[in-house]
Amino acid sequence: MTASPDDLEPQHTLSTATTRYDELRMRDALAAVSGDRKLPLTREETLEMLALSEVVIRKAGYGRQAVVRTAREAGASWSQIGAALGTTKQAAWEAHSRWAEAP
């Protein structure tokens with residue numbers, strides 16, 4: 001049975017999800033470069049890598065939310081947060097203000 005991101009997310013931290021994703025990605029890349037038929041990922045491993053990519057995105061997003069809130073609590077302006085995120089203050093505010101300023 002194929003594991004979904006919802007199945008894998010509770011089993012991994014951001015670090016362990018990234019490590020497993022990188023292991024699978026490197027094996028896949030080596031198989032493509034070398035043409036070694038022993039290295040290619042199985043269908044299940046390929047689907048695991050895809051699900052893990054979503055887990056990494058989710059967990060990184062949770063971390064971003066926490067850091068934005070911490071930055072606001074430390075007195076950072078929305079302009080500064082936008083700059084740190086590589087966006088505008090308006091885009092940063094629209095994406096993060098509803099929970100970053102929650103009590």
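## Exercises on charge pairs and helix contacts

A84 counts as exposed, at 69% relative accessibility. The cut-offs are under 20% relative accessible area for buried, over 50% for exposed, and partly exposed in between (1.4 Å probe, protein chains only). The model is predicted, and local features need pLDDT of at least 70, side-chain atom pairs count only at pLDDT 80 or more, while totals for chains, interfaces and linings use all residues. Residues are numbered from 1 along each chain as its sequence is written, and side-chain values use heavy atoms, with hydrogens and water left out.

**Exercise 1. Find the helix that holds A84, then give the C-alpha separation of A84 and L8.**

Step 1: A84 sits in helix α4. Helices here are DSSP runs (H or I, at least four residues), as strands are (E, at least two), numbered from the N terminus.

Step 2: Going from A84 to L8 covers 76 residues along the chain, and their C-alpha atoms are separated by 30 Å.

**Exercise 2. How many salt bridges are there, and where do E9 and R58 lie?**

Step 1: Begin with the rule, which asks for a side-chain nitrogen of Lys or Arg within 4 Å of a carboxyl oxygen of Asp or Glu. Side chains of opposite charge can pair when their charged atoms come close. The count by this rule is seven salt bridges.

Step 2: One of them joins E9 to R58, with 3.1 Å between the closest N and O atoms. E9 is in the loop between α1 (5-8) and α2 (14-34), while R58 is in helix α3 (residues 43-73), so this pair links distant parts of the chain, 49 residues apart.

Step 3: Now check the surroundings. E9 is buried at 13% relative accessible area, and R58 is partly exposed at 24%.

Step 4: Widen the view, and D6, E9, E54 and R58 turn out to be linked in a network of salt bridges.

**Exercise 3. Set the pair R20 and E48 beside the pair R25 and D22, and say which helices hold them.**

Step 1: A salt bridge brings the side chains of R20 and E48 together at 2.9 Å, N to O. R20 belongs to helix α2 and E48 to helix α3, so parts that are 28 residues apart in sequence are tied together by this pair.

Step 2: R20 is partly exposed, at 25% relative accessibility, whereas E48 is buried, at 19%.

Step 3: R25 and D22 also form a salt bridge, at 3.5 Å, N to O. Both of these residues lie in helix α2, three residues apart, about one turn of the helix.

Step 4: R25 is partly exposed at 35%, and D22 is partly exposed too, at 30%.

Step 5: Finish with the other neighbours of E48. Leaving out residues up to four places away in sequence, E48 touches L8, R20 and L24, where contact means heavy atoms within 4.5 Å.

**Exercise 4. K59 is in helix α3: what is the nearest side chain of opposite charge to K59?**

Step 1: Apply the charge rule, in which Lys and Arg count as positive, Asp and Glu as negative, and His and the chain ends are not counted.

Step 2: The nearest candidate for K59 is E9, 4.5 Å away, and K59 has no salt bridge although it is buried.

Step 3: Beyond four places in sequence, K59 is in contact with E9, H12, T13 and L14.

**Exercise 5. Describe how α3 and α4 cross, and name the residues that make the contact.**

Step 1: The axes of α3 and helix α4 (residues 78-85) come within 10 Å, crossing at roughly 145°. Each axis is a line fitted to C-alpha atoms, for helices over the stretch in contact, and angles run from 0 to 180 degrees between N-to-C directions.

Step 2: This crossing of α3 and α4 is right-handed. A crossing is left-handed if the near helix is turned anticlockwise from the far one by less than a right angle, and right-handed if clockwise.

Step 3: On the α3 side the contact uses R64, V68, A71 and R72, and on the α4 side W78, I81 and L85.

Step 4: Sorted by type, the residues of this contact are five nonpolar, no polar and two charged. Nonpolar covers Ala, Val, Leu, Ile, Met, Phe, Trp, Tyr, Cys and Pro, charged covers Asp, Glu, Lys and Arg, and the others, Gly among them, are polar.
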